[in-house]
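Notebook open, model loaded. I'm going through it piece by piece and jotting down what I look up.

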Amino acid sequence: MARERDALRDPRDRSLAHDLATGVLRWRSALDAALAGSSTRPMERVDPEVLDILRLGIYQLRHRDRLPAHAVVSDAVALTRLAGHTSAGGFVNAVLRHVARHAAAAPTSDADLADASIDTLATSFAHPEWLVARWVARLGAATAIEWMRFDNAPAPLTLRTVGAGATREALADRLAAAGVSVVPSRWAAEGLVVTGGNPLDAPAPRPGFIVQDEASQVVGDLAASWPAGRRLDVCAAPGGKTLALWGAREAGWVVAGDRRPRRVRLLRETLAGAGAGRVPIVQHDAAGALPYRDVFDLALVDAPCSGLGTLRREPDLKWRREETDLASMADVQRRMLASAARVVAPGGILLYATCSSEPDENDAVADAFLAEHPAFEPAPPPPDAPPGVTSLLAGDGRLRTSPAVHGLEAFFAAAFRRR
């Protein structure tokens, strides 16, 4: 998608292409339900390219109003022929005209939705049934609905200020001079939320900021809050949290690592572009024995996870993940934590973080680590954490961001101190 979007010269066309692609991914199961109700042909008998064209057409009919219905239908038929499926043109025309004639039912009230079945909620809000069932059981129907609405809304473009001595006030002034309007983020200490213009359209390089979700920034702020002379970012790519450690007051020495060559290259590019090119980068396997001694005052394990807390920005994840994935991911996360624990110096901090909504990868992994590693105990809150971080820490000292409560993607962090 990115390759095709970047080939478009007009920023408005790029924005439209992004909206259409993410919109279809976001609402896929609801679009398929509308398609099934408007076609006599089973979906498994529809060519995959034709199926995507139908989804695109239904998305425009149901969720966008820039084009009249007849234009959406006409464009879809033309696209079908362009894709080499001329014989399917009549089918596409008939299905989309049926969808256009039978407008979506009026939105059900929240009171009615609260008593709706899991499959009704899953179809209405385009989330997999297994995930909806988990959220309703754990959070209640009202919060689960609010969470799904959050996932289905477009995500803002959020920037993090980077660079020696840089401030977000100075960055905001520079962006304003370039025609980009921003407001300070609510929780992240160095974050800016773009409200107008596009800072990414400025000529490269773009020193002074990286694109990073606010909840991810908060985890970086938390990691950077502990006084530590030697810091290790175990799963560092793409590099946003490494930059938080590097830019921290009295940052000391920072080492960053990751496993795959492609991610190491991405990490190197991010750090170099932010002026942190001298940060040592090591290619290592975090699930195995790390090539260090117990010398680090802080080790951050931002573990690979299901990513189910980031569905607003990564809508395709909800169709690629299965509930059975959680156990296997949690097993890898436990091994990563055990490996990282061996390189933490006495009195040092081990910080575990995910971008998952599910306790299987969060509290369950943290609790298992403490049970299996008596040399570690829950760490007290960092003494100099910024207010945004402090206000997000729960009574048990762990960080849990919530779409329904905080308006943030669902991230988790737990800190342990080596006795």
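Before anything else, I need a rule for contact: I call two residues in contact when heavy atoms come within 4.5 Å. I also keep in mind that this is a predicted model.

**Entry: Gln-60**

What does Gln-60 touch, leaving aside its neighbours within four places in sequence? I find Leu-20, Leu-67 and Val-72. I place Gln-60 in helix α4, which covers residues 48-63. Is Gln-60 buried or exposed? Gln-60 counts as buried, because its relative accessibility is 16% and the cut-off for buried is under 20%.

**Entry: strand β1**

I went to β1, residues 158-161, and checked both faces. Thr-158 and Arg-160 sit on one side, Leu-159 and Thr-161 on the other, and all of them are buried. So I note both faces of β1 as covered, with buried meaning under 20% relative accessible area.

Which strands pair with β1? I get β3 (residues 191-196), running antiparallel and joined to β1 by three bridges. I also get β4 (residues 209-211), again antiparallel and again with three bridges to β1. For landmarks, I wrote down Leu-159 with its bridge partner Leu-192 in β3, and Arg-160 standing opposite Ile-210 in β4.

**Entry: strand β8**

Next I looked up β8, residues 296-302. How many of its seven residues are buried? Six are, so the rest of the structure largely encloses this strand.

The pairing comes next. Strand β5 (residues 230-233) runs parallel to β8, with three bridges between them. Leu-232 is opposite Ala-299 in β8. Strand β9 (residues 344-354) also pairs with β8 in the parallel sense, over six bridges. There I marked Leu-298, whose bridge partner in β9 is Ile-349.

**Entry: cysteines**

How many disulfides does the structure hold? I count zero. I started with Cys-235: its closest cysteine sulfur is in Cys-305, and at 10 Å that is too far for a bond. Cys-305 is in no disulfide either, and its nearest cysteine sulfur, that of Cys-355, is 3.5 Å away. My cut-off for a disulfide is sulfur atoms within 2.5 Å, so 3.5 Å does not make it.

I checked burial too. Cys-235 is buried, with a relative accessible area of 9%. Cys-305 is buried as well, at 12%.

**Entry: helix α17**

I moved on to α17, residues 363-372. Its buried residues are Asp-363, Val-365, Ala-366, Ala-368 and Phe-369. A reminder to myself on spacing: an α-helix has 3.6 residues a turn, so residues three or four places apart point the same way. What do the buried residues of α17 pack against? I get α16 (325-341), β9, β10, β11 (399-400) and β12.

**Entry: Glu-377**

Glu-377 took me into strand β10, residues 376-378. I had to look twice at the burial value: Glu-377 has a relative accessible area of 19% and is buried, since the cut-off is under 20%. Not counting residues up to four places away in sequence, Glu-377 touches Leu-370, Ala-415, Phe-416, Arg-417 and Arg-419.

**Entry: the cavity**

How many cavities of 30 Å³ or more are there? I find one, and the space in the largest cavity is about 50 Å³. Its lining includes Leu-222, Trp-226, Leu-351, Leu-393 and Gly-397. Also on the list are Ala-379, Pro-380, Pro-381 and Pro-382, along with Ala-413, Ala-414 and Ala-415.

Which element gives the largest share of that lining? Strand β12 (residues 412-418) does, with three residues. By class I tallied eleven nonpolar residues, one polar and no charged ones. Ala-415 turns up twice in my notes: in the cavity lining and among the contacts of Glu-377.

**Entry: Ala-404**

Last stop was Ala-404, in helix α19 (residues 403-406). Ala-404 counts as buried at 19% relative accessibility. Apart from residues up to four places away in sequence, Ala-404 touches Thr-143 and Glu-146. I also took a distance to Leu-267: 32 Å, C-alpha to C-alpha, with the two positions 137 residues apart in sequence terms.

Note on methods
Residues are numbered from 1 along each chain as its sequence is written. This is a predicted model: local features need pLDDT of at least 70, side-chain atom pairs count only at pLDDT 80 or more; totals for chains, interfaces and linings use all residues. Side-chain values use heavy atoms; hydrogens and water are left out. Helices (H or I, at least four residues) and strands (E, at least two) are DSSP runs, numbered from the N terminus. Buried means under 20% relative accessible area, exposed over 50%, partly exposed in between (1.4 Å probe, protein chains only). Two strands pair if DSSP finds at least two bridges between them. On a 1 Å grid over the protein atoms alone, a cavity is a set of points where a 1.4 Å probe fits but cannot get out, and a pocket is an open set with protein on both sides within 12 Å along at least five of seven lines; lining residues have an atom within 4 Å of a point. Grid points are joined across faces, edges and corners, and a volume is the space filled by probe spheres set on the points. Ala, Val, Leu, Ile, Met, Phe, Trp, Tyr, Cys and Pro count as nonpolar, Asp, Glu, Lys and Arg as charged, and the others, Gly among them, as polar.
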